[in-house]
Structures are given as structure tokens and as C-alpha cells.
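Open the model in your viewer, keep the sequence panel beside it, and follow the stops below in order. At each stop, make the selection that is named and then compare what you see with the description.

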Amino acid sequence: MTYEEAVSLFDAGGVNIVKLGLGRIERLLEKMGNPQDALKIIHVAGTNGKGSFCAIMSSILVSAGYKVGVYTSPHLVGYEERFTVNGEKISRDDFTALTEYISILSEDIGATPFEMLTAMAFEYFKLKNADFVLLETGLGGRFDATNVIRCPILSVITQIGMDHMEYLGDTVEKIAFEKGGIIKENVPVVLYKQEMEIFNVISDICRTKNARLYYPKRQEITVLSQGFGETVFDVSTD
């Protein structure tokens, strides 16, 4: 398989096709030996701010000396942008090799392009011996392909708003419930400052899952300077 063929496979398959559910990716990962189980994952859901959180947290962890994998979507130019380790994109050769490997395994499963890409991310970060993986949901949370993971070390929910209502529901409470689906038993949760309706939904899920909730009662962000290269800001919380 060439790189161009690998890209064509995802383009032709319709990378934005949505088929919620975990059965297909569970079967695919089982064939692969469940590489996701070997990773320390920080799972990130939300409407806005997922990419910013992953970028900031990755920078912090890399500065502390860790090897950090980041899986995000969508991409701007090429699929390689979705897979980075310490800020470096996956090589075209690695992307092509993993695409060929995953495509063969998923032939009888009918995995969607996003599910295949997600499985590739787990395998790639395992091969790279990543210390931590920042895993961004594609859509929602509860039935998103990334939610195949069993036990992340932390669940993070950024700002929630009205998005993908045809799949997630027509109220913020319904959408919050779907995104709160990433919360796992006894796994701590960090929640961005939200409307009270959203906070109530997430806190109820945390109580049910015995998951400790970290939530700022007060949050103020002050931008000190901003430019093309960087943004400097202060964050104050209680």
C-alpha cells in the first residue's frame, strides 16, 4: 500500500460518517490484542476547548520529561495531524503501514474510517511507548469510538454546548449526558465551568460512578498578551 492509497482509503470511506456504537471497534481491537489497555489515557470530551486542553496538557507533560501521545480530530491538511508524539506528527511511512495493517483486520468487521483511525492511534502510541495519551472524542462520548477504553487515569469534560443535536439530543442536559458517558467507575473527573443544568447532569453521573469530581466554583481567565506565536494568560479558580 502506498501513502496515496492509504489516504484514498479514508477519503473514499467517508471519514465523517457517523455510526455510533462500540461493537465494531471492540472486535477490531480484540484482533489487535487490545493495545489501548497498555496505555495511560486522559480522555477528553466536550463541545469547545478539547484541542486547546490537549495542547496545553501535552506541553505541560512534555516539559516534565514525559513522552506524550495526542489523538485529535478533525485534521486541517493531512491525516497525520491526528497522531502526534511530543508534538511530532506520525510519519507517512508509519501512517501507511498502520493503515494497511488495520484495513486487513477490519475487512470482515465493517469498521468506520474513524474507528479505524482510533484503533491506529492506540497501536501507534503503544509502539512509541508513550507515557501518557491524550485522547479526544470525535462525537459525544458515550458511544464514541474512543470510549472503548476501560479505565483512563482521568476524564476531562470541557465546555459543553449545543452540538450534533441529531445524534446527541436537543437539550444541553441530553448532550451533557452523552458527553458524560466517558466517566468511568472510580476514575476522577475534571469539569470545566458550566451552566448549572450541565453541572447537575455530570455531578449525578459522578455520584453514580463513584468518580471524584473536580470543579471550580469560581473561574476567571485574564489574557495578558496575545499574538500569532503565543497567548499568555492567568487563570484564577476556587
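Select Asn-86, which is partly exposed because its relative accessible area is 37%, and bear in mind as you look around that this is a predicted model. Asn-86 sits in the loop between β3 and β4, the latter covering residues 88-89. If your viewer reports backbone angles, look at phi for Asn-86, which is near 50°, a positive value in a residue other than glycine. Most residues other than glycine have a negative phi, and most peptide bonds are trans.

With that rule in mind, go next to Asn-34, which is not a glycine and yet has a positive phi of about 55°. Asn-34 belongs to the loop between α2 and β1. Is Asn-34 buried or exposed? Its relative accessibility is 14%, and Asn-34 therefore counts as buried, the limit for that word being under 20%.

The other half of the rule can be looked at by selecting Ser-73 and Pro-74, which are joined by a cis peptide bond with an omega of about -5°. Pro-74 is found in the loop between β2 (68-71) and β3 (83-85).

Return now to the loop between α2 and β1 (41-45), and select Lys-40, which has its place there. Lys-40 counts as partly exposed, with a relative accessibility of 48%. Which residues does Lys-40 touch, not counting those up to four places away in sequence? They are Asp-131, Phe-132, Val-133 and Ile-153. You can also draw a distance from Lys-40 to Lys-89, which is 49 residues apart from it along the chain, and the C-alpha atoms of the two should be separated by 20 Å.

Another lysine to select is Lys-179, which lies in helix α7. Lys-179 counts as buried because its relative accessibility is 1%. Show the residues around Lys-179 and, leaving aside its neighbours within four places in sequence, you will find it in contact with Ala-45, Gly-46, Thr-47, Gly-140, Gly-141, Ile-157, Ile-160, Asp-163 and Leu-168. A distance drawn from Lys-179 to Val-148 spans 14 Å, C-alpha to C-alpha, although the two are 31 residues apart in sequence.

Stay with helix α7 (residues 172-179) and add helix α8 (residues 196-209) to the selection, so that you can follow how their axes come within 9 Å and cross at roughly 35°. The crossing of α7 and α8 is right-handed. On the α7 side, Val-172, Glu-173, Ala-176 and Phe-177 take part, and they meet Glu-197, Ile-198, Val-201, Ile-202 and Ile-205 in α8. Colouring this contact by residue class should give seven nonpolar, no polar and two charged residues.

For the next stop, select helix α2 (residues 23-32) together with helix α4 (residues 92-105), which pack at an angle of about 115° with their axes 10 Å apart. This angle makes α2 roughly perpendicular to α4. The crossing in which α2 passes α4 is right-handed. Leu-28, Lys-31 and Met-32 of α2 make the contact with Tyr-101, Ile-102 and Leu-105 of α4. By class, the contact of α2 with α4 has five nonpolar, no polar and one charged residues.

Keep α2 selected, and replace its partner with helix α5 (residues 113-127), where the two axes come within 10 Å and cross at roughly 35°. Here too α2 passes its partner, α5, in a right-handed crossing. From α2 the contact takes in Arg-24, Ile-25, Leu-28, Leu-29 and Met-32, while α5 brings Glu-115, Met-116, Thr-118, Ala-119, Phe-122 and Glu-123. Sorted by class, the contact of α2 with α5 holds seven nonpolar, one polar and three charged residues.

The tour ends with the cysteines. A disulfide is a covalent bond between the sulfur atoms of two cysteines. How many disulfides does the structure hold? It holds zero. Select Cys-151, which is in no disulfide, and find the nearest cysteine sulfur, that of Cys-206, 14 Å away; a disulfide requires the pair of sulfur atoms to be within 2.5 Å. Cys-151 is exposed, with a relative accessible area of 59%, whereas Cys-206 counts as buried at 3% relative accessibility.

Methods: Residues numbered from 1 in each chain as written. Predicted model: local features only at pLDDT ≥ 70, side-chain atom pairs only at ≥ 80, totals over all residues. Heavy atoms only, no water. Buried < 20%, exposed > 50% of the residue type's maximum accessible area, 1.4 Å probe, protein only. Axes fitted to C-alpha atoms, helices over the stretch in contact; angles between N-to-C directions. Helix = DSSP H or I, 4+ residues; strand = E, 2+ residues; numbered from the N terminus. Left-handed = near helix turned anticlockwise from the far one by under 90°. Contact = heavy atoms within 4.5 Å. Nonpolar A, V, L, I, M, F, W, Y, C, P; charged D, E, K, R; others polar. Parallel < 35°, antiparallel > 145°, perpendicular 65-115°, else oblique.
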